[in-house]
Structures are given as structure tokens and as C-alpha cells.
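Please open the model in your viewer and keep the sequence panel beside it. The stops below can be taken in order, each beginning with a selection.

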Amino acid sequence: MKEKRESLDFDIVFAGGGPANLASAIRLKQLITRHNEQNPSKTLDPTIAVVDKGRHAGAHLLSGAVFDTKALAELLPDFVDRDCPLDALVSRDKILFLTAKKSFAVPTVPEPFRNSGNPLVSLSRLGYWMAGEAENAGIELFTNTTAIKPIIENGSVCGLLTGDLGLDRFGNPKADYLEGAELRAKVTVIGEGVAGTLARELQNDFSLCAQSAPQHYETGVKEVWKIGEGAIDAGEAWHTFGYPLPPETYGGGWLYALSPSEVSVGFVTAICPQAPEADPHKNLQLFKQHPSIAAILKGGSMLEYGAKAITSGGLDAIGRISGPGFLLTGESAGMLNMQRLKGIHLSMKSGMLAAETIFEALLRHDFSERTLQDYEERFRNSWAYDELHAARNFRQAFDKGLYQGLLQTGMQLKFPGLSLASTFLRKKKDHAAQPHHATKQKNDSPPQFMTDGELTFSKEECLFRSGTMHEENQPCHLRINPVKMAEICLGRCREEHGNPCTRFCPANVYTFIKTPEPTLRITPSNCLHCKTCTLADPYGVITWTPPEGGGGPDYKLG
């Protein structure tokens, strides 16, 4: 008879060690400390744990990023004195429309796109710093720990299950096998980022998105470069639209001067399962070849590469963010403002609101679904809700293409509150209710993109600079049913789309082999954990599951 798994009891468990959950844990500890100082005879001493699958805090965090410090200032007003790792303040905004060879600056930067005075930041460094603040406050942080499944009993979440360590690729225990544990809790907070395994299961089990608009997703691919001083002034923040994307595809690029000698350059490409042929990595390489960008990077060297999916549906795509025994924070809850290209501050604020809800539950010794629903009311009464409400139609306005999107967003900026995209939301929702299907045949392979190893790089070269590592001999975490592999991957998908997974994956996980017989090879050790494959797959046959804790990218500058 199989022995029962080890079970550890906590009051609160946070799944995911990003800004949302770290802010939540810190805020909760602040509230408890203040309460205990004011009520020495009625103190609270809950056990709090944060689990994160990265090999160290911040290892899986990636962003642009221009950082709105509004939430951080509420959480830690003395964050500058605490040596928060901020780069240059934005000194100048530029919005550029790019053709293949030229660029045209938008003469006046609209207010929502202005960043002057906001710091540029590495999200991985920020996450590492926040984790240190959390540990200093007495919060237990478990890195190298993968949460693979919520524990649901009697219709309520009562903790999570961590993944086994030391299984070989066939699922058999190796000499160093260590069984996963049950982490039981009164409240489980899910802040695992975009398209997470836990949130997906909870959305299905509790119908969290039944009344919301369909979510939109993009893939952001980023590089950090060392450049010669004088190429650009520290603090410049460029955003671009147009080249290399066709007008019908949403996306754009950025270039941020973190210092006189270091820049972040990246590109965002819409994820569209109905037309999945886009190559986010290739788009970034083409973007860097544009004369305006190439002039900045010339003679420099690429330091780090990374990729992640982004939620961009906005307020209308946010479903229920609480349920029996659990709360959702950060991008697990859809907290990102695509109009401003910012989400860190919204994620942090969602975590802080979750902490206030949990604190009240601790005071009342009441962890019922009704008590946890107060989180949603707190969100609706917050500045985070107001900000997302003001930008609620931005991304949907581009569903009809670039030029209609520019017209509609321009009208919305001119007349705040104008809802020109409401019919698009309805149409997209109707469409999203239909099963996955192919709508566009793609028999011809796209032309090969030649890299030069100086300005542009292959996926393999880029992957090396992401620090990605996985234990090779472990079960494959990218699962395709063998029947679906034969019928879809080697049949319909090959004929209708030309196996787009070989293009939309920014890490070369999927490779099509023609001889001696057609085969789709999966190399899970390349995986950046960006989740693009599960979102862009036109047939929904790819399932991303968490690999062993400690695997994946090792971002330090991202």
C-alpha cells in the first residue's frame, strides 16, 4: 500500500514568487505586526510560506520594464533607502511608427503612454530584492519547489501539491527520488503568472471566467545589451509600432536605455491560434535590423535573452479572482494594462488587496468563500480597478487591425469612456466559445531568416544567454497525446499550418524531422516556461505542465 505523502500545515500558502505574491506576503506581515503591537493580548502568529519553481528568487521573472512605483510606495515608502534595484529614470519618451527602412515619430505622446520620471527596472532583480524583504519580515520562501496541483476537498481548495523530484523520463524513481509534499493551508494564493497550471485547473473547476470576455495574449521576447556609451542617453524609452508586423497583427517593440551602456530591447507579438504562423523570436531579430535600432546596438553585445507570454485582455477579461479557499493575484488574475504596457504595479496592488482580505479572515477566524469574496470588492474600490477600467477597450480595438485600432484608441483618448470596442468583445466571446479549429491553410514554409551572430542570433544562440537548464532525465513536461500527435501534429497541422510550433516557440523546443520518417521532436530542456505553445496551438493538443523545481531560465537582468 502506497504511503501517505508528507503533509505540512500552514495558515497561508502563496504559489508563485513574483511581485504580486511577494507584495501580498509582505503586506500581510505588516498588518499582523501592527495588529500585535496594538493588541498584545490578542496576537496573531500565522504560518506563511511562499513557493517558487525558480532556482532562486527572480529566476523566472521577465519584463520590459518601465516601473510605476505607485504600489511599491504604498507597500514600502522607504524603498529607495532600502536599496531597491532601480535603473535610470525615464527622461524622454518616443513613439515611432516604423516602415522597413524609416521611422516617423509621433509628435505628441498621449498621456497614457508617458513615462517621464518612472524608473526603468529589471524585474528579476526587483523580484530578488522583494524576496529578501519578505524573508527579512519572517516569511518562509521555498525556491526550487514546483506547485503542480491544487488540493481540493469538499468543493474547497485547502492547499497545494508539490512536484516529485528525481523521476526519470519514464516516470520511474531514480536514486535521489523525493516525493512531493502536501502543503495544506486555510488560504491558498495563486500568483504563478500567465497561463499557470494551478489557475487553469481552478478556472475549469470553479467556472471563474464564465461571465468574462475572452483573454488576449501576446508573446514578449527580450534581450539585454551592453552598448558603447554615447549611442543613447540613459532613461530614453522608445515604443514602436509597424515594422516588422503586417497591419492585421497586433504588436510592437521597445528600447529602454537602462544606463549609458545598457539597454533593454524587445518585441511583443500577438498570439492568435486561428493564425498561429507568427514567429516572436524572428520578429525581434527583424526589429533589431531596423536602422533606428541597429544604430544603437552596433558594436554592442547581447547579455541576456528571455521570453514570456503576456495577458492583455484587460478589465473585461478578468473573471472571478476568488473562490472557496483561494485567491488569484497578478497575471494569474489578468492584472496588466496593455495601453500603458505596465503590470508590475497592478500585480503588486492585487497582492496587497489580497493580503488585506486574508488579514480580516485571520481576525475573524473565518476563511469561508464569502469572506474571501471581499477581495473582489476591495479590487473594485481600488485605483487598480479605475486604471484598468479607463483602458478596458484598448487591446480589443486592434482586433480589426492596426489602422482601425489607431483610429479607435485615438477617439477613446479624445473622448474618455467611449466604448467603441464593445461589439468586438461580444464577437470575440462568441468565437471563443467554439472549439479549436483551423481557419487558414498554410502549406508554404516561410522564408528562412539568416542570422549574423553579431546583431541577430538564432534561437539556439539566444537560448544559451537565457541560462536555461533542466535535468535532462526527467518526464517531459510538454505533453501531446500520441493519438493527437499522429492525427494532428503529423497530419492536419502539418498540412494546414506547416507545424507552427516550430516557429511560435521562441526557444526551439519543437523541431520537425522529415527523415527517415516525419517526426515532431520535442526538446523540453530548451523550454523558457513562456507558455506560448499552449496559447498559440491552433488545436489545443499541447499541455504545459511544471517540470522539476529549479529548472527553466535563470534570469538576472530580465
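In this predicted model, the count of salt bridges comes to 26, and three of them make a good beginning. Select Asp-68 and Arg-340, whose side chains meet in a salt bridge with an N to O distance of 3.1 Å. Because Asp-68 lies in the loop between E3 and H2 while Arg-340 lies in the loop between strand E21 (326–328) and H7, the pair ties together parts that are 272 residues apart in sequence. Are these two partners buried or exposed? Asp-68 counts as buried at 12% relative accessibility, and Arg-340 is likewise buried, with a relative accessible area of 17%, since the cut-off for that class is under 20%.

Move next to Arg-320 and Glu-369, where the side chains form a salt bridge at 3.6 Å, N to O. Arg-320 sits in the loop between strand E19 (301–311) and strand E20 (322–323), and Glu-369 belongs to helix H8, so this pair ties together parts that are 49 residues apart in sequence. Here Arg-320 is partly exposed, with a relative accessible area of 30%, and Glu-369 also counts as partly exposed, at 32%.

For a salt bridge inside a single helix, select Arg-492 and Glu-496, whose closest N and O atoms are 3.9 Å apart. The two residues are four apart in helix H14 (residues 482–496), which means that about one helical turn separates them. Arg-492 is partly exposed, with a relative accessible area of 38%, whereas Glu-496 counts as buried at 18%. A further selection, Arg-27, Glu-356 and Arg-378, shows salt bridges that share partners and so join these residues into one network.

Now display helix H5 (residues 280–289), which is mostly covered, with eight of its ten residues buried. Among the buried residues of H5 are Leu-284, Leu-286 and Phe-287, but also His-281, Asn-283, Gln-285 and Lys-288. At the start of the helix, look for Asp-279, a side-chain oxygen of which reaches to within 3.2 Å of the backbone nitrogen of His-281.

The next stops concern the backbone. Most residues other than glycine have a negative phi, and most peptide bonds are trans, so the following places deserve a look with the backbone drawn as sticks. Which peptide bond leading into Ala-65 should be selected, and is it cis or trans? The bond from Gly-64 to Ala-65 is cis, with omega near -10°, and Ala-65 is found in the loop between strand E3 (48–51) and helix H2 (70–75). The bond from Tyr-243 to Pro-244 is cis as well, with omega near 5°, and Pro-244 lies in the loop between strand E16 (236–242) and strand E17 (251–259).

Continue to His-365, which has a positive phi near 55° and lies in the loop between helix H7 (344–364) and helix H8 (369–372); at 67% relative accessibility, this histidine counts as exposed. Asn-508 has a positive phi too, of about 60°, and is found in the loop between helix H15 (501–504) and strand E23 (510–513). Unlike His-365, which is exposed, Asn-508 counts as buried, at 19% relative accessibility.

Finish at the surface by selecting Asp-452, Glu-454, Glu-460 and Glu-461, which together form a negative patch. Asp-452 belongs to the loop between helix H12 (422–432) and helix H13 (459–464), and it is partly exposed, with a relative accessible area of 45%.

Key. Residues numbered from 1 in each chain as written. Predicted model: local features only at pLDDT ≥ 70, side-chain atom pairs only at ≥ 80, totals over all residues. Heavy atoms only, no water. Patch = residues over 30% accessible without salt bridge, like charges linked within 9 Å, V, L, I, M, F, W, Y side chains within 5 Å. Areas by Shrake-Rupley, 256 points an atom, 1.4 Å probe, with all protein chains shown as cover. Salt bridge = Lys/Arg side-chain N within 4 Å of Asp/Glu carboxyl O. Lys, Arg positive; Asp, Glu negative; His and termini not counted. Charge placed at Lys NZ, Arg CZ, Asp CG, Glu CD. Buried < 20%, exposed > 50% of the residue type's maximum accessible area, 1.4 Å probe, protein only. Polar contact = N/O pair within 3.5 Å; in protein donor to acceptor, adjacent residues only side chain to side chain.
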